[in-house]
Amino acid sequence: MVAVIASLTQAVSLPSNFEVEAYLGVTAILMTGLTAMSAFLLLVSGGRGTWLFTLVTGGLNVLGYIVSRTVGYPFADSLYHDWFHPLGFTIAFTGVVTVLLSLWNLIPRHR
């Protein structure tokens, strides 16, 4: 469910990303596709490879958020230090939850 929410949030942010810079819009399309694929694969299989893919996708979302807020992207100064922009914060939050859930499923636990 978290991956579905992340994918929908990415899709909602597409127009605003294209307004800032075209390369941000293309990146948002790529991340929307990867996140949607992650959600679909989790619904279909949920195997170890799917959880690894979900971990990487969530990690990329979090990394992109941190980079855009700390050092910024070229020609996209409006995101710099805007930590609580609703769409960006939602993408980062769902990315963190996705990473944590993926790690929980990937790390073997003794019962």
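**Exercise 1. Where is confidence lowest in the protein chain, and where is it highest?**

Let's start with how far to trust the model.

Step 1. This is a predicted model, in which local features need pLDDT of at least 70 and side-chain atom pairs count only at pLDDT 80 or more, while totals for chains, interfaces and linings use all residues. Residues are numbered from 1 along each chain as its sequence is written, and side-chain values use heavy atoms, with hydrogens and water left out.

Step 2. The score to look at is pLDDT, the predictor's confidence in each residue, from 0 to 100. The average over the protein chain is 80, and 77% of the residues score at least 70.

Step 3. Helix α1 (residues 2–20) has the lowest confidence, with a mean of 67, and α3 has the highest, at 90. Where pLDDT is low, the predicted coordinates should not be read in detail.

**Exercise 2. Work out how many helices and strands the protein chain has, and in what order the elements run.**

Step 1. Helices (H or I, at least four residues) and strands (E, at least two) are DSSP runs, numbered from the N terminus.

Step 2. Counting gives four helices and zero strands. The order from the N terminus on is α-α-α-α.

Step 3. Now look at contacts, meaning heavy atoms within 4.5 Å. Of the contacts in the protein chain with a separation of 6 or more, 56% are between residues 24 or more positions apart.

**Exercise 3. Check the lengths of α2, α3 and α4 against the expected spans.**

Step 1. The expected span of a helix is 1.5 Å times one less than its number of residues.

Step 2. For α2, with 23 residues, the first and last C-alpha atoms are 33 Å apart, close to the expected 33 Å.

Step 3. Helix α3 (residues 48–70) also gets an expected span of 33 Å from its 23 residues, and its end C-alpha atoms lie 33 Å apart, so the two agree.

Step 4. The 21 residues of α4 should span 30 Å, and the end C-alpha atoms are indeed 30 Å apart.

Step 5. Finish with the residues that come after two of these helices. Gly 46 follows α2 with a positive phi near 75°, and Gly 72 follows α3 with a positive phi near 80°.

**Exercise 4. Is Val 62 buried or exposed, and which residues is it in contact with beyond its sequence neighbours?**

Step 1. Buried means under 20% relative accessible area, exposed over 50%, and partly exposed in between (1.4 Å probe, protein chains only).

Step 2. Val 62 is in helix α3, and because its relative accessible area is 17%, it counts as buried. The other buried residues of α3 include Trp 51, Leu 55, Asn 61 and Tyr 65.

Step 3. Setting aside neighbours within four places in sequence, Val 62 is in contact with Ala 92, Gly 95 and Val 96. Ala 92 and Gly 95 are among the buried residues of α4.

Step 4. Val 62 and Phe 93 are 31 residues apart in sequence, yet their C-alpha atoms are 7.9 Å apart.

**Exercise 5. Compare two neighbours in α2, Thr 35 and Ala 36.**

Step 1. Thr 35 belongs to helix α2, as does Ala 36.

Step 2. Thr 35 counts as buried because its relative accessibility is 3%. Ala 36, at 33%, is partly exposed.

Step 3. From Thr 35 to Asn 61, 26 residues away in sequence, the C-alpha distance is 9.0 Å. From Ala 36 to Ala 11, 25 residues along the chain, the C-alpha separation is 9.6 Å.

**Exercise 6. Which residues make the nonpolar surface patch of about 550 Å²?**

Step 1. Patches are made of residues with over 30% relative accessible area and no salt bridge: like charges are joined within 9 Å, and nonpolar side chains (Val, Leu, Ile, Met, Phe, Trp, Tyr) within 5 Å. A salt bridge is a side-chain nitrogen of Lys or Arg within 4 Å of a carboxyl oxygen of Asp or Glu. Accessible areas come from the Shrake-Rupley method with a 1.4 Å probe; for residues, only the protein chains shown count as cover.

Step 2. The patch is formed by Ile 66, Trp 83, Phe 84, Phe 89 and Phe 93. Of these, Phe 89 is found in helix α4 (residues 86–106) and is partly exposed, at 38% relative accessible area.

Step 3. For the wider setting, the protein chain has an accessible surface of about 6700 Å², with 76% belonging to carbon and sulfur atoms. Buried residues are 37% of its 111 residues.
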